Amino acid sequence: MLCKTGSRIIKGNEVTRLEETCSRVLSFCNSNSLKEGISVHCPIVKLGLQDHLYLNNNLLSLYGKCLGVDKARHFFDEMPFKDVVSWSGILSAYVKRGNHDCALEFFDSMLISGQRPNEFTLSSVLRSCSALGEFQYGTCIQAYMIKQGFEQNPILVSGLLDFYSKFNFTGEAYKLFIYVGNHDTVSWTTMISSFVQAQRWSKALLLYVDMVEAGVPPNEFTFVKLLGVCSVLGLKYGKLVHAHMLLRGVKLNVVVKTALVDMYARCQRMEDAIKVSNLTSEYDTLLCTAVISGFAQNFMFRKAIAAFREMRISGILPNNFTFSSILNVSSLMLSLELGEQIHSRVVVAGLEHDVNVGNALITMYVKCSDKIKDALRVFRGISLPNVISWTSLIAGFAEHGFQQDSFHLFMEMRAAGVQPNSFTISSIIGSFNAAKLLPQTLMLHGHVIKTNLYKDIAVQNALTDVYAGLGMLDDAWQVVHMMSHRDAITYTSLASRINQMGHHELALHIITDMYNDDIKIDAFSMASFLSASADLGTLVTGKQLHCHSMKSGLGRWVSVANGLVDLYGKCGCICDAQRAFGEITVPDIFSWNGLISGLASIGSISSALSAFDDMRLAGVRPDSVTFLLLLSACNNGKLVDLGLEYFQSMREVHDIVPQLDHYVHLVDILGRGGRLEEAMEVVQTMPFRADASIYKTLLRACKAHRNIPLAEDMARRGLELDPSDPAFYILLANLYDDSGRHDFGEKTRKLMREKQLRKNPSQSWVQIRNKVHLFVAGERSHPQINEIYEKIESIDAEIKSHRYLYQGMGIGDSYYHSEKLAVAFGLLNTPSKIPIYIIKNNSICRNCHNFINFVTHLVDKEIIVREGNRLHSFRKGECSCRGC
DNA sequence: GTAGGGTTAG
């Protein structure tokens with residue numbers, strides 16, 4: 001139409017009408033098609049309208065949108081007349097392309113040219129200020145706005161709210177919001193977004209309530225932000241917001257759909273997410289990415305892969321975000337094969353050097369490949385590695401056992417000018433723990449104090465863990481006390497490290513700390529506490545923890561259920577252990593190992609071995625711990641040939657390389673079975689250097705089978721490796737005694753005394769009425785024992801007043817005469833408040849029917865004594881454990 | 001021309 005008109009001669013008011021027509025056509029083209037827009041340009045020139053300001057502004061906007069800001073700028077420079085719309089058009093084009101430096105420079109030249117900015121210009125300038133971190137500049141713009149009377153302008157108010165929020169000045173933004181008042185939908189939504197960005201989720205929701213009460217209608221923008229809040233606050237809120245959207249008839253466009261899919265996915269409602277995404281046929285790359293990542297978050301890996309395939313079939317191109325999501329699926333599945341397939345697609349799509357995809361690739365190779373070099377290759381290919389790239393690689397090196405390289409990489413990162421964040425610091429501190437690198441830990445701790453990172457709870461938790469892992473409990477607690485708030489991870493880390501140190505009672509005390517801090521026990525901390533109770537044999541505490549697990553629903557976690565199996569197994573209550581095992585839907589290797597261990601420890605060797613068969617039938621692969629348990633069971637059951645068979649099958653059938661501990665068990669099995677020469681052959685041919693303990697094992701076997709020549713050889717070899725272990729002398733001396741060679745026995749003991757060796761005191765723990773008591777036995781000459789004697793003597797008078805002493809078997813009598821000692825510390829501390837436990841030598845354990853050198857016994861129904869790894873039960877009356 | 005969705009590191 002315009003072309004035809006252009007060939008005629010036009011005069012008078014026809015020109016004005018044509019200008020309007022051109023302008024309208026260009027506006028239409030602007031939002032639809034560049035091609036049509038350009039074709040309109042020719043007739044405009046033919047008509048002689050090329051100097052027309054409005055038409056040129058329309059063309060400028062078109063060029064900016066379709067041909068890029070440089071072409072638009074060129075057109076702008078050629079324009080004979082310019083107004084605020086022309087200047088703002090270019091400025092906005094710069095801002096949209098992220099060219100913020102040019103935007104501010106261009107704004108300067110605008111002011112120099114004498115052109116006054118309007119609200120659109122200033123709004124673009126504010127966006128560049130926040131992008132460049134130019135806070136001062138932004139506040140100058142605000143001052144200018146006030147001077148120019150733009151203070152109440154809704155566009156600028158929204159712009160300012162956004163500006164303050166980007167600098168994390170949410171409070172200032174809110175003050176401004178309150179001060180201005182009378183807001184429209186956009187400024188309400190911007191204020192809500194500000195609270196969302198500051199992670200003040202509840203405040204964002206409350207503001208929505210205020211907005212509705214103020215009578216301002218929320219739109220799809222508002223709901224998208226609110227759905228983001230619900231992803232964090234939970235499904236209850238998500239459903240409410242969704243219902244409000246339906247009531248208000250909000251149009252379900254693709255952006256709203258994506259926000260809904262994301263919300264339902266994060267609330268573990270993937271079915272609802274898919275239902276929503278199928279409500280309309282509109283799909284784009286972002287929506288598909290949300291679906292894939294939703295499946296990944298909910299561990300529905302096959303569906304995630306299917307969604308990725310479907311996306312390609314529908315012709316929707318994956319972008320860097322999509323590749324990151326699907327790579328995350330392969331990382332979670334530990335599937336190198338899938339990861340490599342995706343990697344090749346990434347190369348085809350030309351996204352190999354993209355930092356986001358590169359980061360996901362690094363993680364994939366770290367988790368799925370056993371070669372850290374694969375991850376390093378990806379890292380070196382990233383054009384601009386960011387803090388996530390460095391952190392992933394640093395954590396990767398640490399995870400693969402290269403702690404020193406990990407630290408060097410950290411130094412390289414700092415030299416490259418990339419600032420470590422809390423993720424980096426906590427990863428690197430975590431790696432120090434594995435390598436026990438104290439100097440580096442102290443250096444990093446200093447760095448953390450100097451920066452703001454010490455406020456981050458993950459960093460503080462990592463520091464707590466590393467100090468506790470190094471055995472520096474005081475330093476760990478110091479970090480904990482300095483924390484403004486603690487979480488379940490803080491306490492779980494402490495409890496498990498304290499457990500590792502063997503201070504199980506101290507680990508259980510963490511429960512009180514958590515209670516005082518108002519922190520709920522989670523599945524991880526519960527597993528640690530159950531493990532502490534199991535190792536202490538404190539059945540009462542264990543049962544209380546069991547109760548709590550059931551009431552709180554933690555029992556559904558397999559780690560908690562495994563803890564229960566372990567607890568009851570170690571306390572000798574095999575029926576309860578079996579019941580806890582039976583309640584596990586899909587028992588894992590830890591569940592099975594717990595069951596086998598429990599059965600073996602009460603002497604039910606055949607049941608333990610048949611549990612192993614059940615485990616294999618259930619398709620669970622045994623690990624090296626399983627074989628330690630099986631070998632130990634065979635050892636206790638004197639099943640020599642079966643033990644040998646299991647040992648052989650480790651490598652041949654199960655592809656497990658036997659470790660030193662397995663060889664020790666094998667040697668013990670052969671030794672106890674009297675096959676001493678074979679046992680010696682194993683020691684000489686095994687791929688490990690024999691340690692003192694293996695010779696001790698053989699020496700014990702020699703003693704049992706009265707083989708003096710071999711025993712002497714074993715004692716000699718063992719003492720070469722550990723001359724300070726008195727056990728070699730004691731075992732050998734006892735063997736001489738047993739064989740009637742008392743002279744040699746005495747000579748050996750004399751030798752031991754000359755070397756100033758003495759048997760370390762044995763220790764046992766007993767729980768009586770919710771209190772754990774420590775018992776120690778040994779000779780008076782031992783410093784630890786002597787200290788206890790002195791304590792007893794000082795309170796002797798008090799003890800003697802107790803009624804049990806009148807029965808003639810007082811505490812003092814029992815160990816003064818035998819030169820051995822067993823003391824309840826609880827008794828020492830509060831002698832008059834708790835009953836006295838009288839010491840009896842040579843009591844018989846009801847479980848293993850062995851004689852035990854000392855045991856505490858009297859007033860309580862059941863006492864469980866743990867001696868080394870053995871559990872002994874002494875009961876008065878019937879056992880409280882069902883089925884025994 | 002002011003406000004909205006998806007990813008990756010502890």
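Here is a guided walk through this structure, from the whole chain down to single residues.

Let us begin with how far to trust what we see. This is a predicted model, and chain A averages a pLDDT of 83, with 81% of the residues scoring at least 70. Two stretches call for caution. Over residues 1-12 the pLDDT is below 50, and this stretch has 12 contacts in the model beyond near neighbours in sequence. The pLDDT is also below 50 over residues 795-843, where the model shows 79 contacts beyond near neighbours in sequence.

Now step back and look at chain A as a whole. Its 884 residues include 42% that are buried. The chain contains 48 helices and 6 strands. Among contacts in chain A with a separation of 6 or more, 60% are between residues 24 or more positions apart.

Some parts of the chain carry a label from a record. In an unreviewed UniProt entry, the annotation "repeat: PPR" covers residues 83-117, 184-218, 284-318, 386-420 and 588-622. What do such segments look like in the model? Residues 83-117 are 74% helix and 0% strand, and their end C-alpha atoms are 10 Å apart. For residues 386-420, the model likewise gives 74% helix, 0% strand and 10 Å between the end C-alpha atoms.

A few residues help to give a feel for distances. Val85 sits in helix α6, which spans residues 84-96. Val85 is partly exposed because 17 other C-beta atoms lie within 10 Å. From Val85 to Leu567 there are 482 residues along the chain, and their C-alpha atoms are 76 Å apart. Gln197 offers another view. Its place is in helix α12, residues 185-197, and Gln197 counts as partly exposed because it has 17 C-beta neighbours inside 10 Å. Gln197 and Lys166 are 31 residues apart in sequence, yet their C-alpha atoms are 8.3 Å apart in space.

Further along the chain we meet Leu554, in the loop between α33 (539-552) and α34 (558-570). Is Leu554 buried or exposed? Leu554 is buried, because 22 other C-beta atoms lie within 10 Å and 20 are enough to count. Leaving out residues up to four places away in sequence, Leu554 touches Ala523, Met526, Ser549 and Val560. Glu746 lies 192 residues away from Leu554 along the chain, with 58 Å between the two C-alpha atoms.

Ile574 lies in helix α35, residues 574-582. Ile574 is also counted as buried, because it has 21 C-beta neighbours inside 10 Å. Beyond its neighbours within four places in sequence, Ile574 is in contact with Gly569, Gly598, Leu599, Ile602 and Ser604. The C-alpha atoms of Ile574 and Leu595 are 8.4 Å apart, while 21 residues separate the two along the chain.

Next, look at the nonpolar interior. The largest nonpolar core has 202 residues, and Val667, Leu698, Leu699 and Leu732 are those with the most contacts inside it. Leu699 gives a picture of such a residue's surroundings: not counting residues up to four places away in sequence, Leu699 touches Ala711, Met714, Ala715, Gly718, Phe728, Leu731 and Leu732.

Two loop residues deserve a closer look at their backbone. Most residues other than glycine have a negative phi. Lys638, however, has a positive phi of about 55° although it is not a glycine. Lys638 is found in the loop between α38 (624-636) and α39 (640-652). Lys638 counts as partly exposed, because 13 other C-beta atoms lie within 10 Å. Gln756 also has a positive phi, near 60°, and is a residue other than glycine. The loop that holds Gln756 runs between α45 (742-754) and β1 (762-768). Why is Gln756 classed as exposed? Gln756 is exposed because 8 other C-beta atoms lie within 10 Å, and 12 or fewer make a residue exposed.

Finally, turn to the DNA. Which residues come nearest to DNA strand B? Of the 59 residues around DNA strand B, the nearest are Thr258, Asn356, Asn359, Ser422 and Ala458. Sorted by class, the surface near DNA strand B has 31 polar, 22 nonpolar and 6 charged residues.

Technical notes. Residues numbered from 1 in each chain as written. Chains lettered and ligands numbered in written order. Predicted model: local features only at pLDDT ≥ 70, side-chain atom pairs only at ≥ 80, totals over all residues. Near = placed C-beta within 6 Å. Nonpolar A, V, L, I, M, F, W, Y, C, P; charged D, E, K, R; others polar. pLDDT = per-residue confidence, 0-100. Contact = placed C-beta atoms within 7 Å. Helix = DSSP H or I, 4+ residues; strand = E, 2+ residues; numbered from the N terminus. UniProt positions renumbered as here; feature names shortened; annotations may be inferred. Core = buried A, V, L, I, M, F, W, Y, C linked by C-beta atoms within 7 Å.
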